[in-house]
Every structure is written in C-alpha cells, then in structure tokens.
Amino acid sequence: MISQIDPLIDEPALVVSNKTKSLVVADIHLGIEWDLYRSGFSIPSRMKYGLERILAYISQVSPDRIILLGDVKHNVPQISWQERDEIPYFLSVLSDHADVDIFPGNHDGGIEYLLPDRKNITVHPARGAIIEDVGYFHGHTWPDPEMFKAQYIITAHNHPTIRLTDSLGYAMVEQSWIRTRLNLPVLQEHFSSLELEKENGNWNDPELIIVPSFNELCGGVAFNESLHDDLLGPLFSSRGVDIDNAQAYLLDGTQLGKLKNIRKLEESKVRPRIKRKGVKKDEQKRSRK
C-alpha cells in the first residue's frame, strides 16, 4: 500500500496515511523557557499551549499513532526542573489518545528518564526506523541504511524557513516544508560496505521531507540562503541531499519552487549590514549581540 503524505494547512504537522494513520510533529523543545530564563528572558511556560495545539490536531485527524520526530525536550546535556515536571505529563496526555513513537534528537539526552509508565510509548533508535514504508529520523545522525528501502524519509532538525528581504532591508521569515531527493553517489561513498542499488532491494530512491519546527521560539534555518555547509546533520553537510533542486512550500500550501530558483530572486539576496558613521567596529558588534 502506498503511503499518503498530507501536511495540515497552516500548521507544522504532517499526516501519514497507510494501513494506519500517523500524526507527525517535530522539534517541540519543551523546557526552552527555562533556558531563555537563564539568558535573561522571562517567558511563562508554553507547554499547555503546545499541548492544546496538538490535541486539536488529534481531534481533527484521529490518528492511530503520534510520531514525535526528535527534540521533545530542549536542554542539553542536563534535564531542567521544568522538563522533569512537564514532559511526563505531556507524553501521558498524548498517549491517552494514540500510540506515541519518539525518534530522539540531539536535545533528547535522558528522555528515557522522563517517560510516564505507559506501554504505548516507544523510543526508537536515533538513526531511525521504518513504519509502514516511511522512514523517520531526527536528522542529527546518519540514517540507518535500512531507511533507503522506504518510499519516503521524513526528518527534521534544521527548522527550515524561507527568508525574503526587500530593498530597505526588511526581512520576512516564513516556516517551510522542504521536499527533495538524496544524492546516491554520496551515500554509496559513505556506506561503502553496502551496494545501494535497486537490484539489491536496498535502494528505493526515497523522497526526503524536512519538517518545520513546532516551537516558534526555536528560530530556523533559511534554506534559500544556505548551502550544504550551513545546514545541520551529516546527511546535509556531506552533500547527501540535493538542496538545489529541493522544492519549498509555505505552511499554507503555497509552492515556492526550487531553492536554486528562489535564490536568484532579488528578495532572496542577503543584504549587507549598514555601517553607521562614527561608530567603531567593536561597538557595532556589541550592538548586534
């Protein structure tokens, strides 16, 4: 059975339909408020707000499983008091509605100590796994080569956005979905002990889908201003992902086209910072921090 991938309009969430239906959300970053507080920014906890949003998704699509695609928690390497208090409750509420699958990200160290006592919560390996012909992994590691047998691979980690800047320097940043393919020669070089070929049944030329961040406080990476070296994770930095021909979509479903064409737009060019007269370089640097 062929899987169907449907983003929720105006929301950073996917629905994957096959024999069962999965709701996919990435980069929730529970506990980020505690980290911001240590940096001098006092923001009330937004856990209940995030939970209500996901419960609304659940009410809308009635999923059989909820896939949390990494970075459920925020603080590394420690676990904050906020995370100890909020994450067990958050996961417990979700597990009341469907099975929960966690694909841990680079912020999820110690997540196993925060799981409520529920049998329907599964923590998968960081290198990912396939569920009904769709591969899932957060993106901070190389994927398990078994993933290349899938029809789709869904990943996160980079918090993709598109940034457009007008002639006066005003920038508009929008969360985006990125859909592209993998570069087989790069993967063959890295996984040199394997022969990644259709004939061997271990290469299905999967489409790669990069999920935007659920938590708006995390910021994002402007894919139209980024090259491979600017992106996070070995799959990207190795040039294992075809960035130039990647298709970008806004959350409302607008298709922006290929990244290589978006980069040619005048609005997509990075604007130089304006130097203020009479201000030394050191003072300018301090003012930007």
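The largest cavity in this predicted model holds about 100 Å³ of space. A search of the whole structure turns up one cavity of 30 Å³ or more. Its lining is made of 13 residues, and those nearest the centre are Ile 28, Arg 46, Gly 50, Phe 214 and Asn 215. Sorted by character, the lining residues of the largest cavity come out as six nonpolar, three polar and four charged. Two helices, α1 (32-38) and α2, each bring at least two residues to this lining. Helix α2 is the top contributor to the lining of the largest cavity, with four residues.

Helix α2 also turns up in the packing of the interior. In soluble globular proteins, nonpolar side chains tend to be buried together. Here, the largest nonpolar core has 29 residues, and the members touching the most other members are Ile 54, Leu 68, Phe 90 and Leu 94. At least two residues of this core come from each of β3 (21-25), α2 (47-61), β4 (65-68), α3 (81-95) and β5 (99-102). Again α2 gives the most, this time six residues of the core. Leu 94 shows what this packing looks like from one side chain's point of view: setting aside neighbours within four places in sequence, Leu 94 is in contact with Leu 51, Ile 54, Ile 58, Ile 66, Leu 68 and Val 100. Apart from this core lies another one, of 25 residues, including Phe 148, Ile 210, Leu 231 and Ile 243.

Strand β4 also carries a charged residue worth a look, Arg 65. Is Arg 65 buried or exposed? With a relative accessible area of 19%, Arg 65 is buried, because the cut-off for that label is under 20%. Leaving out residues up to four places away in sequence, Arg 65 touches Thr 20, Lys 21, Ser 22, Leu 23, Ala 98, Asp 99, Asp 101 and Ile 131.

Next come the aromatic rings. A pair of aromatic rings is described by the distance of the centres and the angle of the planes. The count comes to five aromatic pairs in this model. One of them joins Trp 142 and Phe 191, with 5.8 Å centre to centre and 80° between the planes, an edge-to-face arrangement. Trp 142 sits in the loop between β8 (134-136) and β9 (152-155), while Phe 191 sits in the loop between α4 (184-190) and β12 (207-210), so this pair ties together parts that are 49 residues apart in sequence. Both Trp 142 and Phe 191 are buried.

Phe 191 has a second partner, Phe 148. The ring centres of Phe 148 and Phe 191 are 5.5 Å apart and the planes meet at 75°, so this pair is edge-to-face too. Phe 148 is in the loop between β8 and β9 and Phe 191 in the loop between α4 and β12, so the parts tied together here are 43 residues apart in sequence. The relative accessible area of Phe 148 is 0%, so Phe 148 is buried. Phe 191, at 7% relative accessibility, also counts as buried. Put together, Trp 142, Phe 148, Phe 191 and Trp 203 make up one aromatic cluster.

The backbone has a few oddities. Most residues other than glycine have a negative phi, and most peptide bonds are trans. The bond from Val 76 to Pro 77, though, is cis, with omega near -5°. Pro 77 is placed in the loop between β4 and α3. His 157 is not a glycine, yet its phi is positive, at about 75°. His 157 lies in the loop between β9 and β10 (160-165), and its relative accessible area of 10% makes it buried. Asp 205 is not a glycine either, and has a positive phi of about 50°. Asp 205 is found in the loop between α4 and β12, and at 30% relative accessibility Asp 205 counts as partly exposed.

Finally, there is Glu 267, in the loop between α6 (259-262) and α7 (281-288). At 41% relative accessibility, Glu 267 is partly exposed. What does Glu 267 touch, not counting residues up to four places away in sequence? The answer is Arg 163, Leu 164 and Thr 165. Between the C-alpha atoms of Glu 267 and Gly 201 there is a separation of 44 Å, with the two positions 66 residues apart along the chain.

How values were computed
Residues numbered from 1 in each chain as written. Predicted model: local features only at pLDDT ≥ 70, side-chain atom pairs only at ≥ 80, totals over all residues. Heavy atoms only, no water. Core = buried A, V, L, I, M, F, W, Y, C linked by side-chain atoms within 4.5 Å. Buried < 20%, exposed > 50% of the residue type's maximum accessible area, 1.4 Å probe, protein only. Contact = heavy atoms within 4.5 Å. 1 Å grid on protein atoms, 1.4 Å probe; cavity = no way out; pocket = protein on both sides within 12 Å on 5 of 7 lines; lining within 4 Å. Points joined across faces, edges and corners; volume = space filled by probe spheres on them. Nonpolar A, V, L, I, M, F, W, Y, C, P; charged D, E, K, R; others polar. Phe/Tyr/Trp six-rings, centres within 6.5 Å; stacked < 30°, edge-to-face > 60°.
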